[in-house]
Amino acid sequence: MTGSALVSLLTLWMLPFFSAIVIWALGPQLRRAAGVLGSAAVLLSFVLACALFGVATAPGGLHVTPLIGWAPGFTFGLLLDPLSLVWVLIITGVGGLIHLYSIGYMAADKAVARFFAYLNFFVFAMLTLVLSDNLVGLLVGWGLVGVASYFLIGFWFYKPSAVAAALKAFVINVFGDVGLMYAIFVLYGATGSIAYADVFAKAASLPSGVILTACIALFIAAAAKSAQVPLQTWLPDAMEGPTPVSALIHAATMVTAGVYLIARFAPLWNASPQAQELVGTIGAVTALLAAILGTAQWDIKRILAYSTMSQIGYMIMGVGVGAYEAGVLHFFTHAFFKAQLFLGAGLVIHALHEEQDIRKMGGLRRRTPFAFVAMAIGTLAIIGVPGFSGFYSKDAVIYGTLEHGHPLLYAAAVVTAGITAYYMFRMLFVAFGGHYRGEVPEARLGMAQREPSEPVHAREGHVPDWVMQIPVGVLIVGSIGAGYLAIGGAQSPWWRFLSSLYGGAQATAPAPISELLSSLIVLAIVIAGVAVAYYRYGTRSATASAVERLRGEALRMPAVLTNAFYFDAAIELLFVRPARRLGALFAGFVDPAVIDAGVRDVVWLTGAAGYLFRALQTGLVRGYALTIVASAACFVAWFVLTGAAR
Amino acid sequence: MIAAIVVVPIVAGLLCYLAPRRAEALVTSVAAAIAFASAAAVAVFRDAPDESVRWLVQPFTAAFHFGLGPGPGTWIALMLGLVAGCALAVTRVPRRRDFVAQMLVLLGAMMGVFLARDLLTFALFWDLQLVPVFLILVGWAPEGKSGSAWRYLVYNLSGGLALLLATAAYGMLVGTTDVLGSASAPAPAALQGAALWWVFAGLGFAFLIKTPVWPFHTWMPDTYADLPAPAAAVVSAVQSKGGLYGFIVIATVLLPGPMHAIAPLMFALGLIGLVYGACVALVLDDAKRVVAYSSLSHLGLILVAIFTFNPLALGGAIVYVVAHGLFSAGLFITLGEVELREETRFLSRLGGLGERNPKLAGALTIMVLAALGLPGLAGFAGEILILTGVYQAGYPAIAALSLVPIVLAAAYMVRVLQATMHGPEIPDLPQREDMTVLELAAFAPLVVAVLLLGIAPGAVARSANAIAASPAVATLSLRAARR
């Protein structure tokens, strides 16, 4: 480790933090410069991360410790190894592009400086999360990204819906933090240290019960952050934030922290097959449920939110069954195409003056051709068409479940791929195909009557279109090409890059079918999904009668889907309401009628005290004060006199 | 010089009454300067030798013995100086000169509590600190609300009386009360049997009421709600820490036997308070009462930590005592600013202040985040050290149960933030200007302290090392671990 590498690491970590502070402090004076400053800080971090590539991939990575110590075993340091490097590159690289895009997207917002301060703070928090070399540092990053997400979901804090969504996201995320805290107790209790290196060194010798407990606690954290069932309900609501936030935090980076957590703690998961079974199953269930809900959404950002949840389900499934390279690869490719999809949706929303409902869109391939190209390529990538990045990563995950002996998960993953193809093409056909429906009244489209909301942006942005288009263009390159790193399976650059971490873990069971056959099966299912979407929304007769068809679909939508399988209602019934009832009972009955009444009785029962009490209650303040002072003086005098008398 | 930290504020407070009423702005500034100077003095003289004047020989020896040193008292005194300075700097109440005078007396009396190295001196300052709070409650509580003053006095004076009697008994039995100087003093042989238990009962009763521990807590919400915000800040931040400080520094070292024996009961009371306070904070509408009940919850956690006798948890307890002082003072001060601007502190009537008061919103946000235990800020450092220690001491179920209120804390603290600062602006509320530069400057030390303590609590945590390493505690934690 050289001194310059150390300085680079500290700089790339702290730069976004100081930039956030500067932007936050100078605030209104900065205006347009806030975006430039914020973007420059993140992109400079990206350059530094690239410069550290060689050091990070060397054996042992770049490990700086100790920076700070709290107590025995509580020592903090930084670690940059291949796994954290993947995340750092995406956080600063894709994050930097999203910063650039935001210069255009947020140009007309009067709180643009606050926006960039939050965004930079988020990048710092996320870097803390992935660069920490210990559990508590991880938790610090974990909590800070949660609060950054809270700020950004509630960025337009005068909107009650945004405030409610922010609260929900925050509380569920704290529930996850608490899971991570319990994992820290267990692992510190068992190993006497919070450092990864110490914990992993002793992982093999720990009792299996301890490992399973720690894994489950870690997974609660992962599920809350990565929106896995049953802690997923906050993510669709989080779309209340500005669209670049959805792209950066609620698609590309923060929500994949759970994937990082599991990939980082691979030594623990490898030692606990039950935990792997649990994680893989939850991932598959989430992927499937979210895909089903994706078919029932009208808001373009909620469609993408459910697709994010579903794709993270794939990643969790991958790292859960032990196919770490594949799971992390899917994170890597997903970051490109999902950011691109969200930013493309942002272009559409921008062009239509905050319209997000695809029923009010239609025919946009002509109105916003660039956004159409971006969304179309993103769709091809996410559904896994060969030649696009999603194909390589998703197939690797799907086949990985089979290689590690989970045929049921494999089936769920294949079915989900088909549904994904269906709902993504549904969105493309309804929003970009046919004719523009912006002038059609809400009622004819089966939409609820809406309050006319005040426009968040002025009608014209002051920034040329290319400010928003160039970042999207760069992401298009990534969402096509990122997967090529993995061509060649175990001999590919990707697998070799991560070999120092996962080289030992190999497939446990010979898969019953070859990888090629598996790919063909998935492809067939995907084509079937696209075909169904085309038949329902894409044919000439479907587009001709689009208004009536969409209205019919909206009115016939099953309640179980519009209520997202009633998870919200269940949480409300099981947790929120009992806690409030208990609070009302304590405040309204126990405190006044039990405790206070008891104390009063005790006071009155001591007869003399009671008498004295009444006699003293003369209501004269001076009298009370005099009494206290006099008693104190008497006491002191007695002590002094007896002391003086010896 | 150490004694001056105690004496100067009290004398200055009494001298305030000589100043003309018109000079109240000047008096306030001087008082804030004295408070900050007391914090600086604590920092400067932390390694200075103890100062002691013997004043009692019969029936037992006692001394006006003050000291700083590496123990927890130094950190709490430092926090007290900062909190009092900030609270005084933002004070804007009617009859300000008289209020400031009482606050200075309170500052000196509380310094006396935490710097005292003699049990009798400790007990005398313990009672002295009731006087200014009682007078402030009587003089400045909202119209027709003198009930809270009485309730405060009846509760705390009965605690104080018990403490005084127990101290006298201790002095008679042991022959001296000048015993708080070192943490490693072995328990004296003279204390045995019933006498030991009576002494402990007196001390424990006083500490339980002062903390307050459930179910002795009902004086607290009334007191905090009726005190003007600066006084509520100081009382909640520091005065209520006297009880926990007493348990850690006095009872654990002097009376380890009974401490160990009542640990199960204290676990139960601490856990009840922990959950009870959090649930109540979830539903109340009065912002100050929400903070009051959140204190009940947080202090319950510290109580649990103390009775594990685990070194990590004891260190965490000190960190959390200081952290809670900082953020509860910060919360009361910022909520006081809200009340000053909007003439109400009921959450259902507030909203949208952040739009026009970004600085106040920022200040409240930081304190709310510290209070709900955001990793990286002071509250979290205390929580994680405490709970890791509790788990390590062999109580995984208690550690797990203690996590529930952390989730509730996120809900009720964010509720306070959102109900005041976020959402649409409420049109019929009066609007005032944002925090001034001076107010921000006075508030800044609290923010810096919350950040520093969150990042590097090591020095504060280590202040409990001497206690954790004392022979009495070492055997206790060993016994606790074996159980």
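Reading a chain contact and a helix pair

Me: How many residues does each chain give to the contact?

Reply: Two residues are in contact if their C-beta atoms, placed from the backbone, lie within 7 Å. Here chain A gives 49 residues and chain B gives 51 residues. This is a predicted model, in which local features need pLDDT of at least 70, side-chain atom pairs count only at pLDDT 80 or more, and totals for chains, interfaces and linings use all residues. Residues are numbered from 1 along each chain as its sequence is written, with chains lettered from A and ligands numbered from 1 in the order in which they are written.

Me: Which elements give two or more residues to the side of chain A that touches chain B?

Reply: Helices (H or I, at least four residues) and strands (E, at least two) are DSSP runs, numbered from the N terminus. On that side of chain A they are β1 (62-71), α6 (135-153), α7 (160-191), α28 (567-605) and α30 (621-645). The most comes from α7(A), with 14 residues.

Me: How do α3(B) and α11(B) pack?

Reply: Axes are lines fitted to C-alpha atoms, for helices over the stretch in contact, and angles run from 0 to 180 degrees between N-to-C directions. For α3 (residues 72-89) and α11 (residues 241-254) of chain B, the angle is about 165° and the axes are 11 Å apart. Therefore α3(B) is roughly antiparallel to α11(B), a term for angles over 145 degrees. The contact joins P72(B), G73(B) and I76(B) of α3(B) to K241(B), Y245(B), I248(B) and V249(B) of α11(B).

Conventions
Angles under 35 degrees count as roughly parallel, over 145 as roughly antiparallel, 65 to 115 as roughly perpendicular and the rest as oblique.
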